[in-house]
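Work through the exercises below with the model open. Try each task before reading its solution.

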Amino acid sequence: MAAELVRKGSAVADIGTDHAYLPAYLLLNDIVYKALACDKRKGPLLNAEKTAKIYHLEDRLELRLSDGFDNIKPGEADDFVICGMGGSLTAELLSKAPWLKDENVRLILQPQSHSVDVRRFLIENGFEIEKETAVFDEGRVYNAMLAKFTGKKQDKPEGYEHFGALINNTDEASVYTVKRTIEYLKVRCRSEKEYGDESEAKKLERIILSAEESINDSQRNI
């Protein structure tokens with residue numbers, strides 16, 4: 001899923017690469033011409049080195065000890081991938097690399113949790129989410145997003161950060177993710193009504209209603 005969002009012919013940097021399976025896949029399938037496999041720990045980079053040797057990718061897969069983007073220079077890659085980290089950490093890493101605000105750069109982000117934090121960061125910092133996808137794998141659902149910097153204020157519907165572009169998808173994994181998010185927001189809404197802020201509860205009610213209408217409309221059009 002994440003690999004499909006990487007641009008063909010680009011140079012890619014995989015942040016938090018672990019075994020470097022993603023950059024290896026991209027190289028072996030001629031999707032990218034070179035790759036940086038980055039991790040902040042030496043252990044994962046040793047695993048990445050083994051992967052490079054197994055697939056004879058030593059000349060095209062560069063290993064880099066880097067905490068996030070700290071040891072990466074602007075221009076070393078075109079597409080930057082962060083997969084498998086929490087949304088809050090992903091947003092934090094992005095915030096420490098302001099040079100990513102480049103219209104030629106693409107971000108491929110697959111947060112394990114708290115996707116809302118990633119979307120909120122992107123929206124507030126001038127990034128446009130071009131595409132979002134979701135997929136089931138071994139009983140769990142994962143989503144990924146492709147973003148680019150435009151510098152423009154994003155005029156998004158209320159609650160967009162909770163669903164992103166998934167709200168417009170009709171595939172099973174996307175619909176499941178949206179419905180699961182709606183159920184979570186309903187719990188939050190009840191809590192706000194009973195113990196919290198009534199205005200926040202009304203806001204959540206509007207977001208939930210709009211999301212449910214979007215799902216119903218998309219399913220009618222299938």
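A charge sits over a ring if NZ of Lys or CZ of Arg is within 6 Å of the ring centre and within 35 degrees of the ring normal. This is a predicted model: local features need pLDDT of at least 70, side-chain atom pairs count only at pLDDT 80 or more, and totals for chains, interfaces and linings use all residues. Residues are numbered from 1 along each chain as its sequence is written, and side-chain values use heavy atoms, with hydrogens and water left out.

**Exercise 1. A charge and a ring**

Find the residue that lies over the face of Y160.

Solution. Apply the charge-over-ring rule. K156 meets it, at 4.8 Å from the ring centre of Y160.

**Exercise 2. Aromatic pairs**

Classify the ring pair F80 and W99, then place both residues in the chain.

Solution.
1. Take the definition. Rings of Phe, Tyr and Trp (its six-membered ring) pair if their centres lie within 6.5 Å; planes under 30 degrees apart count as stacked, over 60 as edge-to-face and the rest as tilted.
2. Search the whole structure. Six aromatic pairs turn up.
3. Check the geometry. The ring centres of F80 and W99 are 5.5 Å apart and the planes stand at 70°, so this pair is edge-to-face.
4. Locate the partners. F80 is in strand 4 (residues 79-83), while W99 is in the loop between helix 3 (87-95) and strand 5 (106-110), 19 residues apart. Helices (H or I, at least four residues) and strands (E, at least two) are DSSP runs, numbered from the N terminus.
5. Extend the network. Ring pairs join F69, F80 and W99 into a cluster.
6. Compare accessibility. Buried means under 20% relative accessible area, exposed over 50%, and partly exposed in between (1.4 Å probe, protein chains only). F80 is buried at 1%; W99 is partly exposed at 24%.

**Exercise 3. Strand 4 and its neighbours**

Which strands does strand 4 pair with, and how is the crossover to strand 5 handed?

Solution.
1. Use the pairing rule: DSSP must find at least two bridges between the strands.
2. Go to strand 1. Four bridges join strand 1 to strand 4, and the two run parallel. A13 has F80 as its bridge partner.
3. Go to strand 5. Five bridges join it to strand 4, again in parallel. I82 has L109 as its bridge partner.
4. Follow the chain. It crosses from strand 4 through helix 3 to strand 5, and this β-α-β crossover is right-handed. That label applies if, with the strands pointing away from the viewer, the path from the first strand over the helix to the second runs clockwise.
5. Judge the enclosure. Four of the five residues of strand 4 are buried, so the strand is largely enclosed by the rest of the structure.

**Exercise 4. The nonpolar cores**

Identify the residues that touch the most other members of the largest core.

Solution.
1. Define the core: buried Ala, Val, Leu, Ile, Met, Phe, Trp, Tyr and Cys residues joined through side-chain atoms within 4.5 Å.
2. Rank the 29 members. F69, F80, L107 and L122 touch the most others.
3. Find the main supplier. Helix 4 gives the largest share, four residues.
4. Look for another core. A second, separate one has 22 residues, including L5, L26, I31 and A48.

**Exercise 5. The hairpin**

How many bridges join strand 6 to strand 7?

Solution.
1. Count the bridges. There are ten, and strand 6 and strand 7 run antiparallel.
2. Pick one bridge. T133 has A144 in strand 7 as its partner.
3. Inspect the turn. Two residues separate the strands of this hairpin, and E138 in the turn has a positive phi of about 50°.
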